[in-house]
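The following exercises concern the geometry and packing of helices. Please study the sequence and the structure before reading each solution.

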Amino acid sequence: MSKSPLTLYLAAPRGFCAGVDRAIKIVEMALQKWGAPVYVRHEIVHNKYVVDGLRAQGAVFVEELDECPPDRPVVFSAHGVPKAVPAEAARREMIAVDATCPLVTKVHNEAKRHHENGLQMVMIGHEGHPETVGTMGQLPPGEVLLVETVEDVAHVQVRNPEKLAFVTQTTLSVDDTAAVVAALKARFPAIVGPGREDICYATTNRQEAVKAMAPKIDALLVIGAPNSSNSKRLVEVGRAAGCAYAQLVQRAADIDWRALDGIRALGLTAGASAPEVLVNEVIDAVRDHFDVTVEKVETAVENVEFKVPRVLREPA
């Protein structure tokens, strides 16, 4: 039986960002320097394929620091941690390596600076997400108020509306966040925002690529983990941009082929913690079902690179 023709629009940029690439490299370098096991507090990035690969090399993933023995190195994930965590690691005299994305660290520093200037913080983010927990944990309890939606802004109770600042999680929807920021500024005209956008370049670029391809496609596949904030936002952005069907998949085996029956154009992208090997796996699977022509939709070129911590570059 002949295969139906399909144009596969491939988003660029897609997949690994500089912060994810750096975090994975940190775990690999720690294993090379100190040998296995190296403990990692929380998934280093939100991707099962990546985590399983590092686990096979000797990384041990835990949720809390007290699960780590004091005589083995511990790596803090790319999402960042509350300041109490490195303080406890120092108290236990552990070797601790911080893999927090530098763009998340920038948000931490903004929050600290505003706090030192006497401002209460409002954080736009998702409750319970490790990045949100880590950022809120930079300041004393009550100093960071969390809002997720425009509706939340109407109900947030602040100490002094004249002394407020806001920060955002780095992996949010650009459009949704703009609406929440507008609501904050409308209710609290004196609120201070970041000098530059907190949502990271990679999140923004991947969302723009999806918006650009949305008018061309009948369906969208986003490769990413169900606990990956930036990946889930890509699905939402695709739907908001008019894509009738958008599905988050971890691997090619997760694709619902019945939902793609009869389509003529398919969009494909990957969240910032999804490796290119999974993109290629999905492309191969699509070729098994369709007569595929690939077209790239490129909206930006990324050449960002972050250095690993000095402790990993020094001799053991």
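**Exercise 1.** Determine how helices α1 and α2 are oriented to each other.

*Solution.* In this predicted model, α1 and α2 are roughly parallel to each other, because their axes cross at roughly 5° and angles under 35 degrees count as roughly parallel. The two helices comprise residues 18-34 (α1) and residues 48-57 (α2), and their axes come within 10 Å. The next step is to identify the residues that form the contact: α1 contributes I24, V27, E28 and L31, while α2 contributes V50, L54 and Q57. By character, the residues of this contact divide into five nonpolar, one polar and one charged.

**Exercise 2.** Compare the span of helix α7 with the expected value, and locate the buried residues around its axis.

*Solution.* Step one concerns length. Helix α7 (residues 174-187) has 14 residues, which should span 20 Å at 1.5 Å a residue; the C-alpha atoms at its ends are 20 Å apart, so the two values agree. Step two lists the buried residues of α7, which are T177, V180, V181, A183 and L184. These residues lie on the same side of α7, because they cover an arc of only 160° around the axis. A general principle is useful here: an α-helix has 3.6 residues a turn, so residues three or four places apart point the same way. Step three asks what covers this side; the elements over the buried residues of α7 include β6 (120-124), β7 (144-147), α6 (150-155) and β8 (164-168).

**Exercise 3.** Carry out the corresponding analysis for helix α4 (residues 102-116).

*Solution.* The 15 residues of α4 reach 21 Å from the first C-alpha to the last, close to the 21 Å expected at 1.5 Å a residue. Its buried residues are L103, V104, V107, H108, E110, A111 and H114. Seen down the axis of α4, they fall within an arc of 160° and therefore line one face of the helix. Their packing partners are β6, α5 (130-136), β8 and α8. After α4 comes G118, which has a positive phi near 85°.

**Exercise 4.** Decide whether N205 is buried or exposed, and state which residues it touches.

*Solution.* N205 is located in helix α8 (residues 201-213). Its relative accessibility is 16%, and the cut-off for a buried residue is under 20%; N205 therefore counts as buried. Leaving aside residues up to four places away in sequence, N205 touches P13, T299, A300 and E302.

Key: Residues are numbered from 1 along each chain as its sequence is written. This is a predicted model: local features need pLDDT of at least 70, side-chain atom pairs count only at pLDDT 80 or more; totals for chains, interfaces and linings use all residues. Side-chain values use heavy atoms; hydrogens and water are left out. Axes are lines fitted to C-alpha atoms, for helices over the stretch in contact, and angles run from 0 to 180 degrees between N-to-C directions. Helices (H or I, at least four residues) and strands (E, at least two) are DSSP runs, numbered from the N terminus. Angles under 35 degrees count as roughly parallel, over 145 as roughly antiparallel, 65 to 115 as roughly perpendicular and the rest as oblique. Contact means heavy atoms within 4.5 Å. Ala, Val, Leu, Ile, Met, Phe, Trp, Tyr, Cys and Pro count as nonpolar, Asp, Glu, Lys and Arg as charged, and the others, Gly among them, as polar. The expected span of a helix is 1.5 Å times one less than its number of residues. Buried means under 20% relative accessible area, exposed over 50%, partly exposed in between (1.4 Å probe, protein chains only). The arc is that of the directions from the helix axis to the C-beta atoms.
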